[in-house]
Amino acid sequence: RKILIHFFTRGKDPVFFLIPASDTVAEVAAYADVAKRIIELAVFGAAQNRSYKRLADFADTIGSRVSGSPNLDMAIKYMFSVMKQDGLDVHLEPVKIPHWVRGTESAEMIEPRVKNLAVLGLGSSVGTPPEGIEAEVLVVQSFEELKCRASEATGKIVVFNQPFISYGETVAYRAYGASEAAKLGAVATLIRSVTPYSINSPHTGWQDYQDGVKRIPTACITVEDAELMWRFSQRKQKIVVRLKMGAKTLPDADSFNTVAEIRGWQHPEQVVLLSGHLDSWDVGQGAMDDGGGAMISWEALSLIKDLGLRPRRTLRTVLWTAEEQGGVGAQQYFNLHKVNMSNFDLVMESDLGTFSPVGLRFTGSDAAQKVMEEVVKLLAPINTTKLELNGEGTDISPWMQAGVPGQLNP
């Protein structure tokens, strides 16, 4: 029986562990002692806070790890070395990844008053001419409003001041805003950062140009500045912005997915896959996105190894490369291994923060639901008592779309 599970979390101390899957409620319940040993080691024993320390050492040593950068190469070598020292079977699988470089960038509102705008170019954006782009601004709050005001967009810098609804819905403006505005003749776009909170801090991320549409520079600005320009526009005041971006895309770079595993004793050909991504954006250290996910995926194997447990199936941790560019490393891993798809029993990903678990998110048959109810009972000592539906994940989505069960740890 195949099942789909999803750990979801809250708190500040990363905790992750595996509960062996089985075909019957009774067999799952029989793992109570094993679950207790894993919990005691992870939460109270020698491994307490170990994944946090590993994360701090990694982030402090390497820093940001943007796709194609020397720092990402350093991160891969670092993780290969430390997981090898941990006694795991480790190897690297080569992939080709995008190499986008931010360059210098700035934005300034020069009418109706002079104000520097905090700005972060979006991944894959083209740059401006060296002298920059100076143009009047059109502020809209949705794609629908942009279409209604299409005649006003030509020659303008379109500012999207879309309200935040949810990341999954609102991120469409970051992903597609440039192309939608370019279709109407805009010369650049500035996107309100996709976040419900802001302290004058712009967010970056990947964006996707549409084929056949002119590529125009695109960047994120702060919630505060987007709202400011919206208020000016509501007063019918002319807004002019000067934007400079030195962004460029270099040829694809050589990189690796980093793979560590504990081979199963009974069914070594069958795989339970855990994962997080090693790359990050260049403006932070990537601790939350997704250093933590990488560390707990490693920690899960360490806990099993430290306890001398022998999994029936192979437990495999994959640390993806170039997730931020759209799951590039993960897609190439899928293309390489999909021939053995029937041997992948479960794929897991952590990429929404690593905190104290509060439940499992699960999709499966009614019978499998009963199994997962038993799994939740095993997690009661750490108050992980909720059982909810649905799972997702950029890096595991190819497997899930092909029918392999998967889970995301948010």
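## Exercises on strands, helices and cores

Strands β6 (residues 133-140) and β7 (residues 157-160) pair in the parallel sense over 4 bridges; two strands pair if DSSP finds at least two bridges between them. Helices (H or I, at least four residues) and strands (E, at least two) are DSSP runs, numbered from the N terminus. The model is predicted: local features need pLDDT of at least 70, side-chain atom pairs count only at pLDDT 80 or more, and totals for chains, interfaces and linings use all residues. Residues are numbered from 1 along each chain as its sequence is written, and side-chain values use heavy atoms, with hydrogens and water left out.

**Exercise 1.** Place β6 and β7 in their sheet and find what packs on it.

*Solution.*
1. In β7, Phe160 is the bridge partner of Val140.
2. The open sheet has 8 strands in the order β4-β3-β10-β6-β7-β8-β9-β5, with mixed pairing.
3. Its edge strands, β4 (115-117) and β5 (119-121), each pair on one side only.
4. From one strand to the next, the twist averages 30°.
5. Helix α6 (residues 167-182) packs on the sheet and touches β7, β8 (188-192) and β9 (218-221), where contact means heavy atoms within 4.5 Å.
6. The direction of α6 makes about 155° with that of β8. Axes are lines fitted to C-alpha atoms, for helices over the stretch in contact, and angles run from 0 to 180 degrees between N-to-C directions.

**Exercise 2.** Describe the largest nonpolar core and the surroundings of Met83.

*Solution.*
1. A nonpolar core is a set of buried Ala, Val, Leu, Ile, Met, Phe, Trp, Tyr and Cys residues joined through side-chain atoms within 4.5 Å. Buried means under 20% relative accessible area, exposed over 50%, partly exposed in between (1.4 Å probe, protein chains only).
2. The largest core has 41 residues, and Met79, Met83, Leu88 and Leu278 have the most contacts inside it.
3. Helix α8 (residues 287-306) gives the largest share of this core, 7 residues.
4. Not counting residues up to four places away in sequence, Met83 touches Leu88, Val90, Thr258, Ala260, Trp298 and Leu319.

**Exercise 3.** Which residues, though not glycine, have a positive phi of about 60°, and how accessible are they?

*Solution.*
1. Most residues other than glycine have a negative phi.
2. Asn200 has a positive phi of about 60° and lies in the loop between β8 and β9.
3. Asn200 counts as partly exposed because its relative accessibility is 39%.
4. Asn383 also has a positive phi of about 60°; its place is the loop between α10 (366-378) and β16 (386-389).
5. Asn383 counts as exposed because its relative accessibility is 60%.
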